[in-house]
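Work through the following exercises with the sequence and the coordinates at hand. Each task is followed by a solution that proceeds in steps.

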Amino acid sequence: MLVALDGECFAEPWTQQMWHDELERPFCELWGAFAETGGLAGYCCVWFLAGEAHLLRIATASEFRRRGIGQLLMDKIRQRALQTSCEQVQLEVASRNVAAIGLYQRFGFEVVGRRPGYYRNPNDDAVLMTYELRG
Ligand SMILES: CC(C)(COP(=O)(O)OP(=O)(O)OC[C@H]1O[C@@H](n2cnc3c(N)ncnc32)[C@H](O)[C@@H]1OP(=O)(O)O)[C@@H](O)C(=O)NCCC(=O)NCCS
């Protein structure tokens with residue numbers, strides 16, 4: 001379910017082995033949002049490490065988009081970040097990913113940097129964004 005949805009949502013999906021390796025890490029968490037029918041509607045994968053949360057992956061199945069699932073997952077990340085004493089949530093996002101940047105900005109993330117040419121498929125810069133949990 002997860003590998004299939006990841007394949008629908010990303011140009012470079014993670015394989016089953018990559019998910020397995022990622023989830024072996026003690027500081028890595030995977031959270032899912034499920035439809036009433038039981039299907040996976042969205043998920044996020046986050047590292048909570050050394051006082052920082054790093055969002056690796058977040059996606060909503062196309063048929064469930066713009067219904068607040070992304071926001072729900074971000075709320076969960078904030079909750080877990082607070083529970084694990086993180087001071088900041090960090091992420092990288094492709095500069096042309098309007099939907100994701102819209103989600104992050106609405107949540108309160110701020111742009112803190114840019115990595116030119118960071119993504120290859122398709123070519124794009126990475127925008128670095130952070131969300132401060134202190135105060
Ligand atoms: C980014 C993504 C996770 C958003 O998920 P979602 O469940 O549709 O998000 P939500 O419904 O919670 O949207 C919350 C807010 O984000 C912003 N937003 C979401 N999609 C948007 C879009 N296509 N264009 C502009 N803003 C958008 C809006 O402010 C939205 O609030 P609104 O619907 O009241 O206007 C989804 O588009 C997705 O899975 N994209 C493909 C995977 C991806 O690019 N992941 C991010 C990189 S790791």
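**Exercise 1.** Describe the shell around the ligand in this predicted model by residue class, and then by the elements that supply it.

*Solution.* Sorted by class, the shell around the ligand holds 9 nonpolar, 7 polar and 5 charged residues. Of the 21 residues around the ligand, those that come nearest are Thr60, Arg65, Gly70, Ala99 and Gly102. Turning to the elements, at least two residues of the shell are supplied by each of β3 (52–60), α3 (69–83) and α4 (98–107), and α4 gives the largest share, 6 residues.

**Exercise 2.** Decide whether α4 lies largely in the open or is largely buried, and inspect the residue that follows the helix.

*Solution.* Among the 10 residues of α4, the number that count as buried is 1, and the helix therefore lies largely in the open. The residue that follows α4 is Gly108, and its phi is positive, near 115 degrees.

**Exercise 3.** Establish the order of the strands in the sheet, and identify which strands stand at its edges.

*Solution.* The open sheet is formed by 6 strands in the order β1-β2-β3-β4-β6-β5, with mixed pairing. At the edges stand β1 (28–34) and β5, and because each has a single partner strand, one side of each is left without a neighbour in the sheet. On average, and with direction ignored, neighbouring strands of this sheet are turned by 25 degrees against each other. Within the sheet, β2 and β3 run antiparallel and are joined by 8 bridges; Cys44 has Ile58 in β3 as its bridge partner. Helix α1 (residues 2–9) packs on the sheet, where it touches β2 and β3, and its direction makes about 90 degrees with that of β2.

**Exercise 4.** Characterise the edge strand β5 through its pairing and its burial.

*Solution.* Strand β5 (residues 110–120) runs antiparallel to β6 (residues 123–132), and 7 bridges join the two. A hairpin connects β5 to β6 through 2 residues, and Arg114 has Val127 in β6 as its bridge partner. As for burial, β5 is hardly covered, since the count of buried residues among its 11 residues is 0.

**Exercise 5.** Locate the largest nonpolar core, and trace the contacts of Ala53.

*Solution.* The largest nonpolar core has 25 residues, and those with the most contacts inside it are Cys44, Val46, Ala53, Leu55, Ile77 and Val89. Two or more residues of this core are given by each of β2 (40–49), β3, α3, β4 (88–94) and β6, with the largest share, 6 residues, coming from β2. Once its neighbours within four places in sequence are left aside, Ala53 is in contact with Val46, Trp47, Phe48, Ile77, Ala81, Cys86 and Val89.

Methods:
Residues are numbered from 1 along each chain as its sequence is written. This is a predicted model: local features need pLDDT of at least 70, side-chain atom pairs count only at pLDDT 80 or more; totals for chains, interfaces and linings use all residues. A residue is near a molecule or strand if its C-beta atom, placed from the backbone, lies within 6 Å of it. Helices (H or I, at least four residues) and strands (E, at least two) are DSSP runs, numbered from the N terminus. Ala, Val, Leu, Ile, Met, Phe, Trp, Tyr, Cys and Pro count as nonpolar, Asp, Glu, Lys and Arg as charged, and the others, Gly among them, as polar. A residue is buried if 20 or more other C-beta atoms lie within 10 Å of its own, exposed if 12 or fewer, and partly exposed in between; C-beta atoms are placed from the backbone. Two strands pair if DSSP finds at least two bridges between them. A nonpolar core is a set of buried Ala, Val, Leu, Ile, Met, Phe, Trp, Tyr and Cys residues joined through C-beta atoms within 7 Å. Two residues are in contact if their C-beta atoms, placed from the backbone, lie within 7 Å. Axes are lines fitted to C-alpha atoms, for helices over the stretch in contact, and angles run from 0 to 180 degrees between N-to-C directions.
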